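Colleague: Please show me the model, and let us then go through its packing by question and answer.

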Amino acid sequence: MKTALAVLLYLAFPLLLFWWGWFSPWVALVSTVALAGFLFPLYPTIVSFWNEKPTKTSILALFYCGIAAFMWTYLAGVGGFRPQHFDYYKHNLVLNNLVRYSWPVQYSDGSYLCYYLAYYLPAAALAKLSGGMAAIPYYLFGWTWLGLWLVVWLLYQLGGKRLLLFFALFSSPNGLLLLYEIIKSPLPIGATLRDIWTNDHTIELIQSPGGLMFISHIDSFSASPQHALPAWLATALFLRLLSLEFGVWSFRFGVSGLGFRVLGLEQKQKNSKPETGNRKQATKLTLLLIATTLYWSPLVAVGLLPFLGYQVFQEYSSRRAAGSDLWDSSHLWTFFLVLIISIPAFLFFSGHIPLHDERGWWWSLLSTPHQFALWGVFIFLVVGIWAILIVYLKKKGAFSPAEFQLLCLSLIVLFALTLFKYGHYNDLPRRAGLPATLVLCWGLARSLRASFFQDKYLRVGLGLVAIFSAFLPFKHHALWLTPRPYIATTNKSIRDFTPYSIHYLSHYHWGEFDVVSQYLGKKDAAYLRYFAPNTPFVPKQTTKAFYYWKSVFSLSDYEKKALTQNGVNKLYIRFFDVDWDPVRKQAVPKAVVYFKENPPVTFVPTVFITNHTLEKLSWGGVEELAKKIQQKIWQIHRQQSQANVPRIDNSAMFSRKTLHIHELQIDCDWTLQTKTKYFELLNQLSKRLDENNNHFGHKVALSATIRLHQIKFYRTTGVPPVARGMLMYYNMGDWKSPRTENSILDLTTASRYADYISDYPLSLDVVLPLFRWAIFYRNGRPLKIINHLSHKDFQDNSLFKKATETNQYIALTNTHLWGISVRRGDRFRVEESTVNHLSISARTLAQEIQNTKLTFALYHLDSTNLSHYERDSLQQIIQAFR
């Protein structure tokens, strides 16, 4: 009873998270009451069985089942503690979005995450409450391990070690095709076996995307636990509910502790028929299993429906034989509750974006006799082998009539599933066929008692089938332990997907089909309009800005046009740098800006202070430096505002006017050694700004730039004592290292830091890079950064060839370019910020930054930089931040 209750709770718990997280409160309340109403009649039974004490033997068996489940969960790559199946690109993106976005998950295009989410929700909910993205691998592993533990324990209860053995070995008939490969191979047998071990060997129709792919227990758990777990749990519990049909099974740990008294079904003597009430109870619980499975995997729910029909038919026959009423009013109440429980799933999935995969009856999709022959091979391997075994064992008297009926039903289900194609990878038989396959394994394990193993033909046949069925799945796992796995595996963990929405999945399936639409709901879906929770969206109050980082302030017509077209009304202007003068032994201003014209929009004076200055600066010089910085800024502003600059642009935006300073920004990449002096310098500057409010007649805020490593390790690096921080979302790697791919903007590197942005205890603005350059290497040593070079400059130049390393080019001859002498063999690594990466970064930052009032800036305003981007491209980047 405890196992059955644990299964029901495991399957139902995600439903509560889904209802209360993704639906309006009234929908969640009605659905929760319906679920409670369904389970309430079982309360007395639950209480009575809860007091049963398990035997020492059963506890030991439960422990061993847990160890086996733990090892399988680990080997399957759950949590990312070892190589993962390719499908984990999808799993990791879904998990990442569930943790990083508010529920229901909606994207910037208005669509919502529309997928069967029950498997993912518990781990994501725990990560939201505690630990964030850093903890979710452990939560996911624990949740999956618990589910698989229940599966292994249920199977052990149903058929002992024999069923577990058949469940593992009779995994996939795909391996039988290896006989065909061995026979047709022209190579010696040794070379053929090595080739089979190293390479993929399947007939072309099965191997091709959308082809006829087989059901596999091992691969199903490795690739899609969201399908496998509910299929196995629901089917195993279904078989427990039907156990009274097939007599008493004695286990070594005793019938009294773990017999088949499941949810009120009393154990009967062998060959006796269960009571009608027990049948009715079993039918109701099967209905509940299907309703809960609908949220885990609709395809698995489809595969369970025929077995519900079998139970209903058995109940109908039993009532008719007993002369009882064929209709019970309690059935109406049961169906009503199941309908209420299921309706939210139908509402949610009904908003799914229509899929355009090729689907239909297989005979209408095949065009050649060869393809029809392959389809016949597929049907034989999926259904025919099982049919031969069952017919053979039936002749030996291995099955009772009721068992044989159930096994025949499973064969019919598998055969029907092979006739219709649904899903790009033939998902229908691979997912919906999991329950029927488990029933067949169960029936085979039950039939093969000791007497049947005396048949040598049966032993040999089963041995061959087992070897070839389990070969490929076990081979995949074995090769995953090597440096070059056989099967495609992910190279990204859950946290590596931090910058991405589910849309990024298209990067791994480009050109095949619209993979992203499988996980999206329409923005105008009835679910969003009427049933989703009314969570008010608070738009960010964003000020658009550019940085201006030149020594002479003079805007070209192109730059002015960029300001107006993109609605930019703020500039961060570098007024000067502060560096250490070794001769004078003091900090001095350098590269002071000269204004040839007035800024057309509000501006923020920005001062860059080298860390070297802070290292050399004495404690006594901190206050003096703060005073000099403030005075120098006021001096430059006074000269700028009083300058008589002729204007030729008569537009309102560019008319001559004096602009007041409302903010001062300090740019410095401080270290642990200079932190104390730098923070004191900021304190002194804030104090002086407060004392000199009368200069402008208003308060001037102080802000400071923040690097990503200072975000992640702020408890160590400290938080600067300023009003706001400007997050510099670029310069993410060591540009000098030859191993660096893109030191300007690397999404993989950014993903290691972005999770910590929301926790930073300071209001943040953000700046993204709009520049590009090439790093010039000779003999592996970086010599120079050459600004404004792009891939096109090298791709269109016959003097260079593309290197095997990412973003690198090799000089083919000696020449002179870009003001430098280039030798043959010199390398150039191009680094740039693409529109796609900038848009992804903008969406990530909009999600992570918690304050709603902020500045979104681009670095920097320069005609050469801007010409690399189309007008619409800049708009796309800016609009992505919302």
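Colleague: Which residues does L98 touch, leaving aside those up to four places away in sequence?
Modeller: This is a predicted model, in which local features need pLDDT of at least 70, side-chain atom pairs count only at pLDDT 80 or more, and totals for chains, interfaces and linings use all residues. Residues are numbered from 1 along each chain as its sequence is written, and side-chain values use heavy atoms, with hydrogens and water left out. A contact means heavy atoms within 4.5 Å. On that basis, the partners of L98 are W22, W103, V105, L113, L117, Y120, L121, A124 and K128.

Colleague: Which helix gives the most residues to the largest nonpolar core?
Modeller: A nonpolar core is a set of buried Ala, Val, Leu, Ile, Met, Phe, Trp, Tyr and Cys residues joined through side-chain atoms within 4.5 Å, where buried means under 20% relative accessible area (1.4 Å probe, protein chains only). The largest one holds 146 residues, and W22, L98, L113, L117, W232 and L406 touch the most other members. Helices are DSSP runs of H or I with at least four residues, numbered from the N terminus. With 16 residues, the leading contributor to this core is helix 7 (residues 136-169).

Colleague: How many residues are in the other core, which includes L614?
Modeller: This core lies apart from the largest one, and Y714, L845 and F881 are also among its members. Its count is 94 residues.

Colleague: Is the ring pair of F167 and W232 stacked or edge-to-face?
Modeller: Rings of Phe, Tyr and Trp (its six-membered ring) pair if their centres lie within 6.5 Å; planes under 30 degrees apart count as stacked, over 60 as edge-to-face and the rest as tilted. F167 and W232 are both buried. Their centres are 4.9 Å apart with 80 degrees between the planes, and the pair is edge-to-face.

Colleague: Why does this pair tie together separate parts of the sequence?
Modeller: F167 belongs to helix 7, whereas W232 belongs to helix 12 (residues 225-241). The pair therefore joins parts whose separation in sequence is 65 residues.

Colleague: Over which ring does the charged end of K394 sit?
Modeller: A charge sits over a ring if NZ of Lys or CZ of Arg is within 6 Å of the ring centre and within 35 degrees of the ring normal. For K394, the distance to the ring centre is 4.8 Å, and the ring belongs to F404.

Colleague: What is the average pLDDT of the protein chain?
Modeller: pLDDT is the predictor's confidence in each residue, from 0 to 100. In this chain, 78% of the residues score at least 70, and the average is 81.

Definitions and conventions:
Buried < 20%, exposed > 50% of the residue type's maximum accessible area, 1.4 Å probe, protein only. Helix = DSSP H or I, 4+ residues; strand = E, 2+ residues; numbered from the N terminus.
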